[in-house]
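Visitor: I am new to this structure. Please take one part, the sheet, and walk me through it closely.

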Amino acid sequence: MKITTRITTEEYESFLKWAQKRGKRWKFYKVCWTMIAVVRVLTMFAEVKSFNFEGLAVLCIFVCVTIIPYLIPKYAARHFLKQNPKITHIQTLIIDESGIESSSESGRGKLNWSAYTGHSELSDLFILMTSTKTALLIPKKDLSVEQIDTIRNLSVKM
């Protein structure tokens with residue numbers, strides 16, 4: 001099967017969010033932020049006798065700092081793709097029983113299915129991991145239903 005595709009910023013952002021949530025650091029941060037939030041809310045309610053501007057300022061800062069990790073993938077994707085425009089080049093993928101051959105303006109290569117260490121499927125793309133830090137992204141927007149089923153079946157065999 002032959003596919004011609006191009007990665008968009010939104011698809012790369014989706015991949016970064018997926019990678020961030022899989023990381024150990026993300027889980028640790030979620031636990032820490034939850035504990036800090038609970039302690040801060042309890043101390044705020046224990047100290048409230050009248051309007052306290054300091055407590056309101058701390059709460060606003062806490063809310064902003066809590067939201068930032070969710071915004072990072074969007075800005076990281078834009079920055080990374082700006083620094084590495086080759087990732088957004090049109091690429092041609094030839095997928096068969098032996099593996100995936102890719103070619104674009106920047107190069108050409110083939111990996112057998114045994115080279116992929118894992119896979120995942122998001123609503124907008126397939127992620128085929130080649131190591132803990134690298135992956136092949138295949139956007140679904142350019143695929144037919146049959147092609148999606150074929151990739152699912154082949155990636156399960158990994």
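Guide: Start with a definition: two strands pair if DSSP finds at least two bridges between them. Keep in mind that this is a predicted model.

Now the sheet itself. It is open and has four strands, in the order 1-2-3-4. The pairing is antiparallel. Strand 1 (2–5) and strand 4 (107–112) stand at the edges. Each has a single partner strand, so one side of each is left without a neighbour in the sheet. On average, neighbouring strands are turned by 15° against each other, direction ignored.

Look next at one pair. Strand 2 covers residues 91–95, and strand 3 covers residues 99–104. Five bridges join them, in the antiparallel sense. Within this pair, I94 stands opposite E101 in strand 3. In general, strands of a sheet pair through backbone hydrogen bonds, either parallel or antiparallel.

Strand 2 also leads away from the sheet. It is one of the elements that give two or more residues to the largest nonpolar core. That core has 14 residues. I95, I100 and I138 have the most contacts inside it. Strand 6 (125–129), strand 7 (135–139) and helix 4 (145–156) also give two or more residues each. Helix 4 supplies the largest share, three residues.

For contrast, turn to the surface. I61, V65, I68 and I72 make a nonpolar patch of about 330 Å² there. V65 is found in helix 3 (residues 53–83). Its relative accessibility is 30%, so V65 counts as partly exposed.

How values were computed: Residues are numbered from 1 along each chain as its sequence is written. This is a predicted model: local features need pLDDT of at least 70, side-chain atom pairs count only at pLDDT 80 or more; totals for chains, interfaces and linings use all residues. Side-chain values use heavy atoms; hydrogens and water are left out. Axes are lines fitted to C-alpha atoms, for helices over the stretch in contact, and angles run from 0 to 180 degrees between N-to-C directions. Patches are made of residues with over 30% relative accessible area and no salt bridge: like charges are joined within 9 Å, nonpolar side chains (Val, Leu, Ile, Met, Phe, Trp, Tyr) within 5 Å. Accessible areas come from the Shrake-Rupley method with a 1.4 Å probe; for residues, only the protein chains shown count as cover. A salt bridge is a side-chain nitrogen of Lys or Arg within 4 Å of a carboxyl oxygen of Asp or Glu. Buried means under 20% relative accessible area, exposed over 50%, partly exposed in between (1.4 Å probe, protein chains only). A nonpolar core is a set of buried Ala, Val, Leu, Ile, Met, Phe, Trp, Tyr and Cys residues joined through side-chain atoms within 4.5 Å.
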